[in-house]
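Welcome to a short set of exercises on reading a protein model. Try each task yourself, then go through the solution step by step.

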Amino acid sequence: MERTLSTIPGLSIITDYISTAQESELTRQIDTNPWITSMKRRLQHYGYIYDYRRRTVDPSMYLGHLPQWLMPLAAQMHTEGYFPAMPDQCIVNEYEPGQGISPHVDCEPCFGDVIASLSLLSGCMMHFDHMRESRRVSVYLTPRSLVVMTGEARYGWKHSIPGRLTDKKEGGIVNRNPRHAVTCRTGVV
């Protein structure tokens with residue numbers, strides 16, 4: 001496990017955060033659960049449902065505790081100090097090659113001070129754009145890497161994934177494959 005601190009305060013990238021065996025098991029568990037297909041990409045909610053249209057989470061959107069298969073990941077992130085409390089909200093997004101997500105800051109009144117997202121199955125380029133200055137930092141997220149955003153990285157930079165089929169990485173071109181992003185947070189509700 002290698003931890004990379006970027007030029008953005010509060011942004012950490014941990015490569016090989018989980019093993020290939022853990023990745024296979026998480027993927028197997030994810031694929032046995034139903035997908036929500038009402039958006040451009042498939043997704044699953046755990047803990048609380050996040051209402052994308054209203055940009056809210058409230059107690060009526062509580063689904064219950066995170067499932068048993070997600071608890072080891074949540075406990076690992078808490079035990080290793082990435083979260084001050086156990087994550088209680090998780091969204092799994094599936095990105096097909098060519099799909100991305102527009103620049104955004106995760107809902108501030110909805111979620112706590114830490115956002116952590118684990119990449120499964122494929123890598124991708126993630127852009128971080130400063131909200132007040134014309135600055136961009138691009139980071140290639142490898143499969144099984146964990147990106148953690150706190151402080152300035154959480155609140156002062158938008159993050160996005162461009163919708164494309166390939167990424168440039170260290171002078172080479174890398175094809176994208178289907179990718180799952182397991183994003184964990186703590187709720188404010």
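**Exercise 1. Explain why Cys124 forms no disulfide.**

*Solution.* Step 1: look for the closest cysteine sulfur to that of Cys124, which is in Cys184, 16 Å away. Step 2: compare this with the cut-off, since a disulfide is a pair of cysteine sulfur atoms within 2.5 Å. Cys124 therefore has no partner, because 16 Å is too far for a bond. Step 3: check the surroundings; Cys124 is buried, with a relative accessible area of 1%. (Buried means under 20% relative accessible area, exposed over 50%, and partly exposed in between, with a 1.4 Å probe and protein chains only.)

Before going on, a word about the model. It is predicted, local features need pLDDT of at least 70, side-chain atom pairs count only at pLDDT 80 or more, and totals for chains, interfaces and linings use all residues. Residues are numbered from 1 along each chain as its sequence is written, and side-chain values use heavy atoms, leaving out hydrogens and water.

**Exercise 2. Find out which cysteines are joined, and why Cys90 is not bonded to Cys184.**

*Solution.* Step 1: search the whole structure, which gives 1 disulfide. Step 2: name its ends, Cys107 and Cys110, with an S to S distance of 2.3 Å. Step 3: describe the link of Cys107 and Cys110; with 55° about the S-S bond, it is right-handed. Cys107 and Cys110 are both buried. Step 4: turn to Cys90, whose closest cysteine sulfur, in Cys184, is 3.8 Å away and so too far for a bond. Cys90 is buried too, at 0% relative accessibility.

**Exercise 3. Describe the largest nonpolar core.**

*Solution.* Step 1: recall that a nonpolar core is a set of buried Ala, Val, Leu, Ile, Met, Phe, Trp, Tyr and Cys residues joined through side-chain atoms within 4.5 Å. Step 2: the largest one has 25 residues, and those with the most contacts inside it are Tyr17, Leu73, Met77, Leu118, Leu146 and Val182. Step 3: see which elements give two or more residues to this core; among them are helix H1 (20-31), helix H2 (71-79) and strand S6 (111-120). S6 gives the most, with 4 residues. (Helices, H or I with at least four residues, and strands, E with at least two, are DSSP runs numbered from the N terminus.) Step 4: zoom in on Leu73, which touches Tyr17, Ile18, Leu26, Leu118 and Val182, not counting residues up to four places away in sequence; contact means heavy atoms within 4.5 Å.

**Exercise 4. Work out which parts Arg144 and Glu23 tie together.**

*Solution.* Step 1: a salt bridge is a side-chain nitrogen of Lys or Arg within 4 Å of a carboxyl oxygen of Asp or Glu, and the structure holds 9 of them. Step 2: Arg144 and Glu23 form one, with their closest N and O atoms 3.6 Å apart. Step 3: Arg144 lies in the loop between strand S8 (136-141) and S9, while Glu23 is in helix H1, so the pair ties together parts 121 residues apart in sequence. Step 4: Arg144 is buried at 17% relative accessibility, and Glu23 at 9%.

**Exercise 5. State where confidence is lowest and where it is highest.**

*Solution.* Step 1: pLDDT is the predictor's confidence in each residue, from 0 to 100. Step 2: the chain has a mean of 91, and 96% of its residues reach 70 or more. Step 3: strand S1 (residues 2-5) is lowest, at a mean of 56, and H1 is highest, at 97. Where pLDDT is low, the predicted coordinates should not be read in detail.
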